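I sat down with this fold to look up a few side chains and their surroundings. Here are my notes, in the order I made them.

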Amino acid sequence: MAVPAFSDITKASNDLLNKDFYHTSAATLEVKSKAPNGVSFNVKGRSAHEGPIGGQIEAKYADAPSGLTLTQAWTTLNSLDTKVELDNTIAKGLKAEVLTQFLPSTQSKGAKLNLYFKQPNFNARAFFDLLKGPTAVVDAVLGHDGFLVGAEAGYDVQKAAITKYSAAVGYNAAQYSAGITATNNLSVFSAAYYHKVNSQVEAGAKATWDSKSGDKVGLEVASKYRLDPTSFAKAKINDRGIAALAYNVLLRPGVTLGLGASFDTQKLNEAAHKVGASFTFEA
């Protein structure tokens with residue numbers, strides 16, 4: 001079985017609840033293209049409901065025979081981000097990433113090393129911040145016949161101390177999945193499920209309880225309906241009465257439009273609602 005990473009044990013439900021809801025930004029524009037020599041370009045722009053417009057331009061080159069991928073990005077925050085990936089080069093199933101960040105205005109620098117190791121029933125990752133701490137975050141997931149169990153731990157090398165730890169269990173099947181996670185040093189508990197009812201309808205929910213903040217449990221439910229092969233609609237609502245709607249349609253090959261809105265159902269007469277739109281062009 002394909003064992004997911006620790007953060008992806010409840011990926012199906014998380015994607016249903018959080019992905020493709022366009023109200024979080026007033027407007028989003030993304031343009032993807034690929035040059036004849038194999039270099040991919042991705043330009044993103046995002047206008048928040050409050051604050052300045054942000055964006056980035058990214059170039060990516062992948063050499064499949066060697067497993068080498070080089071990505072260079074420049075953001076509107078004047079940050080130069082570089083990522084070098086080696087996949088199945090050092091050892092079978094091992095992927096290594098080196099990420100660097102440089103801000104010319106402040107001369108601030110960052111460097112990280114990420115390792116991913118996958119086997120048929122095992123998935124492990126290690127993230128090292130080389131300049132801050134240094135610190136390390138390691139997680140691992142074991143899987144058998146759809147059942148998953150995983151753990152995560154953070155470690156500060158300079159302090160020689162564990163900084164955080166989490167655990168999770170789950171079950172993945174073709175039509176549904178479920179998982180329970182305990183994060184923030186086993187103080188925040190979440191239970192999530194996802195069900196693909198049929199080829200058109202998907203449903204999911206997530207309940208969260210913070211043992212340090214009180215007895216109240218947060219609940220969120222969502223559903224997705226595929227209207228036709230080129231469009232779908234999504235809806236969700238949480239226990240606080242915040243509802244969100246989204247619509248995604250492929251206008252023509254390479255052009256996708258997304259529309260979204262959120263409403264505070266308990267304050268419909270107040271200006272607490274948000275709307276957003278997204279355009280994606282892919283050549």
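First, a term I need below: strands here are DSSP runs of E with at least two residues, numbered from the N terminus. I also remind myself that this is a predicted model.

**Entry 1: Leu 80 and its patch**

I looked up Leu 80 and found it in strand β5, which covers residues 80-87. Is Leu 80 buried or exposed? Neither word fits: its relative accessibility is 30%, so Leu 80 counts as partly exposed, given that buried means under 20% and exposed over 50%.

Next I asked which residues make the nonpolar surface patch. I noted Leu 80 there together with Leu 29, Val 31, Val 43, Ile 57, Trp 74, Leu 251, Phe 279 and Phe 281. The patch comes to about 760 Å². Strands β1 (27-34) and β19 (274-282) each give at least two residues to the nonpolar patch.

**Entry 2: two phenylalanines of the patch**

I stayed with Phe 279 and Phe 281, both members of the patch. Phe 279 is partly exposed because its relative accessibility is 36%, and Phe 281 is partly exposed at 33%. I then checked the rings elsewhere and came back to this pair afterwards.

**Entry 3: aromatic pairs**

How many aromatic pairs does the structure hold? I have six in my notes. One of them joins Phe 117 and Phe 122 edge-to-face, with 6.4 Å centre to centre and 65 degrees between the planes. Phe 279 and Phe 281 form a stacked pair, at 6.2 Å centre to centre and with 10 degrees between the planes. As for cover, Phe 117 has a relative accessible area of 29%, so I list it as partly exposed; Phe 122, with 28%, goes down as partly exposed too.

I also wrote down an aromatic cluster formed by Phe 147, Tyr 171 and Tyr 176.

**Entry 4: lysines over rings**

Which ring does the charged end of Lys 95 sit over? I found the ring of Tyr 116 beneath that charged end, with its centre 5.7 Å away. Lys 236 lies over the face of Phe 21, 4.6 Å from the ring centre.

**Entry 5: Thr 71**

Last, I turned to Thr 71 in strand β4, residues 68-75. Thr 71 counts as buried because its relative accessibility is 6%. What does Thr 71 touch, leaving aside neighbours within four places in sequence? I listed Glu 58, Ala 59 and Lys 60, then Asp 81, Thr 82, Lys 83 and Glu 85.

Terms used: Residues are numbered from 1 along each chain as its sequence is written. This is a predicted model: local features need pLDDT of at least 70, side-chain atom pairs count only at pLDDT 80 or more; totals for chains, interfaces and linings use all residues. Side-chain values use heavy atoms; hydrogens and water are left out. Helices (H or I, at least four residues) and strands (E, at least two) are DSSP runs, numbered from the N terminus. Buried means under 20% relative accessible area, exposed over 50%, partly exposed in between (1.4 Å probe, protein chains only). Contact means heavy atoms within 4.5 Å. Patches are made of residues with over 30% relative accessible area and no salt bridge: like charges are joined within 9 Å, nonpolar side chains (Val, Leu, Ile, Met, Phe, Trp, Tyr) within 5 Å. Accessible areas come from the Shrake-Rupley method with a 1.4 Å probe; for residues, only the protein chains shown count as cover. A salt bridge is a side-chain nitrogen of Lys or Arg within 4 Å of a carboxyl oxygen of Asp or Glu. Rings of Phe, Tyr and Trp (its six-membered ring) pair if their centres lie within 6.5 Å; planes under 30 degrees apart count as stacked, over 60 as edge-to-face and the rest as tilted. A charge sits over a ring if NZ of Lys or CZ of Arg is within 6 Å of the ring centre and within 35 degrees of the ring normal.
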